[in-house]
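Please walk through this structure with me, beginning at a single residue and moving outward to the places where the chains pack and meet.

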Amino acid sequence: MPKTLFDKIWDAHVVSEIEDGPSVLYIDKHLVHEVTSPQAFAGIEKRGVSVFRPQNTVATPDHNVPTIDQHLSIKDELSRFQVNTLTKNCEKHGVTLYGLNHPFQGIVHVIGPQLGLTQPGMTIVCGDSHTSTHGAFGAVAFGIGTSEVEMVLATQCVLQPKPKKMRINVNGQLKEGVTAKDVILYIISKVTASGGTGYFVEFAGDAIRSLSMEGRMTVCNMSIEMGARGGLIAPDETTFEYIKGREFAPKGEEFEQAVKKWKTYFTDEAAVFDKELNFEAADIEPMITYGTNPGMGAKIVANIPSLDEINDKEKLSFEKSMDYMGFSAGDALEGKPVDYVFVGSCTNGRIEDLREVAAFVKGRKKADNITAWIVPGSKQVEKQAHEEGIVTVLEEAGFKLRQPGCSACLAMNDDKIPKGKYAVSTSNRNFEGRQGPGARTLLASPLTAAAVAVTGKIVDPRKIL
Amino acid sequence: MAVEKFNTIISSAVPLPIENVDTDQIIPARFLKATTREGFGDNLFRDWRYQNNGEPNEDFVLNNPDYSGKILIAGKNFGSGSSREHAAWAIHDYGFKVVVSSFFADIFRNNALNNGVLPVVVSEDFLAKLFSAIEQDANAEFKVDLEAQRFEIVATGEQVSFDINPYKKQCLVNGYDDIDYLLSIKDDIERFEKERV
């Protein structure tokens with residue numbers, strides 16, 4: 001029977017099915033961070049069991065770490081205790097930990113792919129909704145809650161109902177100045193913040209194929225922002241080339257064998273999806289969000305929808321959102337002043353993102369009204385940015401590179417956007433208070449963020465390329 | 001480890017007619033530094049519930065003495081965004097046993113079920129009816145019968161049925177725990193590992 005890419009991977013990992021219930025799904029790789037794991041470790045200890053497959057488990061602190069002076073002890077007492085708890089739990093259970101001063105530390109969804117831990121055909125989970133990032137490699141990867149983290153620690157399995165399947169095709173070629181981030185913001189603006197709920201989404205089509213691995217990761221990363229359980233893209237030569245030679249990738253003959261297997265991970269021609277959507281790449285332009293969920297996005301050159309464009313049931317939420325943002329229905333987006341620019345996160349904190357920003361700001365200067373936080377996704381990205389001269393370019397333009405972590409994406413550490421201030425962010429969520437109480441977030445691509453950083457206001461980057 | 005058993009609940013409800021309530025609103029990230037499951041109820045809906053100076057925001061429904069109960073009734077797409085189970089812990093810790101909406105985000109629904117909080121999905125029309133029932137009478141009572149999978153407006157007797165996965169229903173009714181189940185089939189898991197290579 002013809003199968004989708006998702007079915008091939010899911011079905012190969014089903015240990016058993018509960019009658020009228022969820023599947024027992026075997027997990028190949030369990031990624032762990034400091035915020036959603038302490039209660040799970042405490043849980044297995046209370047049950048008197050240890051981590052079942054520590055060799056399939058990798059941990060790193062990322063959500064709750066400072067992005068300056070990481071060589072010093074963490075100042076915030078609760079944060080320090082949480083990070084130390086992760087260290088203790090990993091030592092006790094024999095789990096590999098890339099701690100704060102380890103050269104492999106970083107945002108969990110940046111380090112997995114970068115170290116070659118993420119591979120096609122795998123099932124990957126983490127107590128973090130952006131685990132969908134790893135789907136870019138043709139893996140079934142999804143976020144789980146802490147009770148489920150406990151399940152995986154205890155048994156290497158989760159109980160999961162099988163999601164429905166959706167395919168989103170982006171056909172044709174992207175226009176110049178349109179990036180992966182614009183593609184996914186465009187898709188979410190069409191599908192809405194809840195339109196993917198209950199589905200696992202395969203992204204396909206020429207425009208998706210033409211993306212680099214890092215671009216594909218950006219797309220899959222945000223599949224949760226339309227409510228989808230996860231997103232994935234069939235692996236191809238771009239994928240294999242990216243994995244080759246990485247720390248934990250198969251080597252030599254083993255790599256060749258692995259590629260043979262990986263080439264079987266694609267959707268069969270006659271396979272059926274529960275839902276299929278088509279978009280034209282030519283319709284996509286640089287995007288920005290104006291509201292308080294990622295579905296509230298528009299072309300940068302467009303206006304915020306007017307009240308008559310909003311249906312009655314959504315008016316209350318829309319008006320609440322506009323009130324929070326300090327915007328009015330029908331406002332033009334371009335030209336609005338901005339206070340902060342944040343480049344980083346598991347969505348856009350990778351080396352290509354920093355390269356793109358550096359290439360844009362080279363020979364230009366940061367606008368005086370902008371406070372910019374540029375945060376590498378990992379220690380390896382940070383190192384590479386130094387080696388490639390990116391840091392020098394950034395500094396000459398008035399920017400500084402901070403140290404790796406989730407940072408202002410969720411503002412668990414000190415990197416908080418002040419109340420009422422506008423931040424153009426390359427991260428993934430523009431929820432109320434996401435970047436700090438009262439902070440106003442506008443999501444955009446690294447290219448747009450760079451253009452905003454040098455002009456001090458919302459601008460379509462193509463106008464100043 | 002057994003969890004609390006879920007019985008039939010008759011209670012008034014707290015209305016939150018806002019769509020897309022994400023888990024950052026339910027419990028903001030800066031309150032996720034705890035390493036235990038307790039105490040999150042104090043910060044449930046923190047930034048809506050309190051002003052910057054820490055004083056309660058009188059306009060927010062949890063601070064309105066007219067409304068109380070074990071049932072939270074919320075707008076479409078409740079629990080979207082972050083996978084933080086702390087959101088379910090906060091709702092449970094505050095005292096809610098049931099959340100009613102026309103639509104739940106997937107991860108939140110799983111997290112709620114794993115913590116003895118029942119997510120009840122009703123149609124958008126019925127949801128509107130619930131909000132207007134509470135608007136007319138803040139003390140309006142609702143009956144949630146998990147065994148029969150019925151949700152009832154007590155005053156009028158109007159009922160709707162709701163869906164729940166039969167396995168999850170058994171877990172809630174009996175206080176079963178998924179992890180106990182998985183531990184009980186460890187032999188199957190080890191066999192699977194050997195056979196797949």
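Because its relative accessibility is 5%, Gln25(B) counts as buried, a word used here for residues under 20% relative accessible area, with exposed meaning over 50% and partly exposed in between (1.4 Å probe, protein chains only). Gln25(B) lies in helix 1 of chain B, residues 23-26, where a helix is a DSSP run of H or I of at least four residues, numbered from the N terminus. Leaving aside neighbours within four places in sequence, Gln25(B) is in contact (heavy atoms within 4.5 Å) with Phe431(A) and Glu432(A) of one chain and with Phe45(B), Arg46(B) and Trp48(B) of its own.

This is a predicted model, in which local features need pLDDT of at least 70 and side-chain atom pairs count only at pLDDT 80 or more, while totals for chains, interfaces and linings use all residues. Residues are numbered from 1 along each chain as its sequence is written, chains are lettered from A and ligands numbered from 1 in the order in which they are written, and side-chain values use heavy atoms, with hydrogens and water left out.

The contacts of Gln25(B) with chain A lead to the interface, where the contact takes 56 residues from chain B and 69 residues from chain A. The area buried between the two chains, that is, the accessible area (1.4 Å probe) lost on putting them together, summed over both, is about 5,200 Å², and carbon and sulfur atoms give 58% of it. Lys33(B), Thr35(B) and Ile179(B) supply 13% of the area that chain B buries against chain A, more than any other three residues.

Eight salt bridges are found across this interface, each being a side-chain nitrogen of Lys or Arg within 4 Å of a carboxyl oxygen of Asp or Glu. Arg37(B) forms a salt bridge with Glu150(A), and their closest N and O atoms are 3.5 Å apart. On the side of chain B that touches chain A, the largest share, seven residues, comes from helix 8 of chain B.

Turning to the interior, the largest nonpolar core (buried Ala, Val, Leu, Ile, Met, Phe, Trp, Tyr and Cys residues joined through side-chain atoms within 4.5 Å) has 86 residues, of which Ile168(A), Ile187(A), Phe203(A) and Met226(A) touch the most other members. Its largest share, eight residues, comes from helix 6 (residues 180-191) of chain A. Not counting residues up to four places away in sequence, Phe203(A) touches, among others, Ile168(A), Ile187(A) and Met226(A). A second, separate core of 84 residues includes Val357(A), Ala367(A), Ala372(A) and Ala397(A).

Notes: Helix = DSSP H or I, 4+ residues; strand = E, 2+ residues; numbered from the N terminus.
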